[in-house]
Every structure is written in C-alpha cells, then in structure tokens.
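Visitor: I'd like a close look at just one part of this protein, the place where nonpolar side chains gather. Could you walk me through that part and what surrounds it?

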Amino acid sequence: MREVNERIEQVDKADDATSVAPEETFFEFLCECGGDDGDITCVEHVQMTIQEYESVRSQDDRFTVYPGHEKEPLERVVARNERFVVVDKRPVAEPFVEDDPRGAPSQ
C-alpha cells in the first residue's frame, strides 16, 4: 500500500504543480492498515493534503489508516482526526516496515 500511495502522491504533486490548487486540497490515499485476517487488500481511502502525507512519511514506521483500522497490539495512535488516523508501529512490528521506499528513518 505504501508504494501505491507514493505513486499517488507523485501524480497528485505533478497535477497540483500544473494547476492552482490551494495547499489545503485533499487527495485520496489508500488506507495502509494491511487488512484483516491475512487479507492485505483494504479498500478504504483516506483524504489528506500533500503536506499531511509528507508529515506522516517523514518516519518509516508511521502509517495513515482509515478511522477504526488501528491495530492496538502492533501500533499506537499518534494523531487522529475525522479523516484519518496516524499510527506508529510498535517495536515488535517494525521489522515488517524496514523496506521503506524512501528510506525514511524511524524515531
């Protein structure tokens, strides 16, 4: 999901650069929850600005999920609003997020 969202952001940035969309323009990103019961295909979307997405992506162990898709044993909530929840992976889950496309550090 993370790689798909990276591509969505690239397209959104390119589109935003050719238009006069305000900074608070929302774009649709995929929920990065990973699904339930072994099904990794969550179909929910979250609306975020490019700046919000960049803020989340500044750490490789932070993800944006649809409200209610948080997994308490694997992550802790660091931010919440009506559109999305930002979660930080707990140490037990961090080995699963080491292949970050950007190489962003965890903190």
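Guide: Sure, let's start with the largest nonpolar core: it has 9 residues in all, namely Phe27, Phe29, Val46, Met48, Ile50, Tyr53, Val56, Phe84 and Val86. A nonpolar core here is a set of buried Ala, Val, Leu, Ile, Met, Phe, Trp, Tyr and Cys residues joined through side-chain atoms within 4.5 Å. Buried means under 20% relative accessible area, exposed means over 50%, and partly exposed is in between, all with a 1.4 Å probe and protein chains only. In soluble globular proteins, nonpolar side chains tend to be buried together.

Before going on, a word on what you're looking at. This is a predicted model, where local features need pLDDT of at least 70 and side-chain atom pairs count only at pLDDT 80 or more, while totals for chains, interfaces and linings use all residues. Residues are numbered from 1 along each chain as its sequence is written, and side-chain values use heavy atoms, with hydrogens and water left out.

Now, who supplies the core? β1, β2 (45-48) and α2 each bring at least two residues, and α2 gives the most, with 3 residues. These names come from DSSP runs numbered from the N terminus: helices are H or I with at least four residues, strands are E with at least two. Apart from this core lies another one of 7 residues, including Cys31, Cys33, Cys42 and Phe63.

Take helix α2 (residues 50-57) next. Its buried residues are Ile50, Tyr53, Val56 and Arg57. Seen down the axis of α2, they fall within an arc of 125°, so they line one face of the helix; the arc is that of the directions from the helix axis to the C-beta atoms.

Tyr53 has a partner, too. There is 1 aromatic pair by the rule used here, which asks for rings of Phe, Tyr or Trp (its six-membered ring) with centres within 6.5 Å; planes under 30 degrees apart count as stacked, over 60 as edge-to-face and the rest as tilted. The rings of Phe29 and Tyr53 have centres 4.5 Å apart and planes at 5°, so this pair is stacked. Phe29 lies in strand β1 (residues 27-30) and Tyr53 in helix α2, so the pair ties together parts that are 24 residues apart in sequence. Phe29 counts as buried, at 1% relative accessibility, and Tyr53 counts as buried at 1% as well.

On to the strands. β1 and β2 pair in the antiparallel sense over 4 bridges, where pairing takes at least two bridges found by DSSP. In that pairing, Glu28 stands opposite Gln47. β2 has a covered face, Val46 and Met48, and an uncovered one, His45 and Gln47. In a regular strand the side chains alternate between the two faces of the sheet.

Farther along the chain is an open sheet of 3 strands in the order β3-β5-β4, with antiparallel pairing. β3 (62-65) and β4 (75-80) stand at the edges, each with a single partner strand, so one side of each has no neighbour in the sheet. As for β4 and β5 (residues 85-89), 5 bridges join them, and Glu75 stands opposite Lys89.

To zoom back out: the chain has 2 helices and 5 strands, running α-β-β-α-β-β-β from the N terminus on. Of its 107 residues, 36% count as buried.
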